[in-house]
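Visitor: I am new to this structure and would like a close look at a single part of it. Could you take me through the nonpolar core and then show me what lies around it?

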Amino acid sequence: MTLAPAAKSFLDRARSLRLPVAIVSDMLTAIQIKKICALKIEPLISFLITSEEVGVEKPNPRIFEVALAKLGLTAGQVIMIGDHQDKDILGSQKLGLLLIG
């Protein structure tokens, strides 16, 4: 498992701008924490929101609502970067998040 250079660059830039970053995942929390630590990006991630924690999987809008609440932001103030049309894009569109896919 490796982190794409563009992803690392994005995370570093977000940190330099003091922008919070949340990961929203359908994976188990413990697995995601291991991945974050293995990639050495834990200082760059503000919040981890998992389906295990929330009780629903993407594209259910509730998981994105929890992320927004943890960030303390509204849908119009965040950018969603996702790679799965049904889970990431459709779910976040329901809340009006700006999308990059």
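Guide: Happy to! One term will help before we start: two residues are in contact when heavy atoms of theirs lie within 4.5 Å. Please also keep in mind that this is a predicted model.

With that term in hand, let us begin at Ala-67, which touches Val-24 and Ile-49, leaving aside residues up to four places away in sequence. Ala-67, Val-24 and Ile-49 belong to the largest nonpolar core, which has twelve residues in all. Among the other members are Ile-63, Phe-64, Val-66, Leu-68 and Leu-71, along with Ala-75, Val-78, Met-80 and Leu-97. Helix α4 provides the largest share of this core, six residues. Apart from it lies another core, made of eight residues, including Val-21, Ile-36, Leu-44 and Leu-48. As a general point, nonpolar side chains in soluble globular proteins tend to be buried together.

Now look at Ile-63 again, one of the residues of the largest core, since it leads us to a neighbour. Ser-51 touches Ile-63, and also Ser-25, Asp-26, Met-27, Val-56 and Glu-57, again not counting residues up to four places away in sequence. You will find Ser-51 in helix α3, which covers residues 51-54. Is Ser-51 buried or exposed? Ser-51 counts as buried because its relative accessibility is 9%, and the cut-off for buried is under 20%.

Next comes the largest pocket, which holds about 1,300 Å³ of space. Its lining is made of 41 residues, and those nearest its centre are Val-21, Ala-22, Ile-23, Val-24 and Ile-81. We have met two of these names already: Val-24 is in the largest core, while Val-21 is in the other core. By type, the lining residues divide into 28 nonpolar, six polar and seven charged. Several elements supply at least two residues each, among them α2 (29-38), α4 (61-71), β1 (22-25) and β3 (79-81). Helix α1 gives the most, with five residues.

Helix α5 (85-93) also supplies at least two residues of that lining, and Ser-92 is found in α5. Ser-92 is buried, with a relative accessible area of 0%. The side chain of Ser-92 reaches the backbone oxygen of Ile-89 at 3.2 Å.

For a contrast, finish at Ala-4, in the segment before α1. Ala-4 has a relative accessible area of 42%, so it is partly exposed. Between the C-alpha atoms of Ala-4 and Lys-94 there are 28 Å, and these two residues are 90 residues apart along the chain.

Conventions
Residues numbered from 1 in each chain as written. Predicted model: local features only at pLDDT ≥ 70, side-chain atom pairs only at ≥ 80, totals over all residues. Heavy atoms only, no water. 1 Å grid on protein atoms, 1.4 Å probe; cavity = no way out; pocket = protein on both sides within 12 Å on 5 of 7 lines; lining within 4 Å. Points joined across faces, edges and corners; volume = space filled by probe spheres on them. Helix = DSSP H or I, 4+ residues; strand = E, 2+ residues; numbered from the N terminus. Nonpolar A, V, L, I, M, F, W, Y, C, P; charged D, E, K, R; others polar. Buried < 20%, exposed > 50% of the residue type's maximum accessible area, 1.4 Å probe, protein only. Polar contact = N/O pair within 3.5 Å; in protein donor to acceptor, adjacent residues only side chain to side chain. Core = buried A, V, L, I, M, F, W, Y, C linked by side-chain atoms within 4.5 Å.
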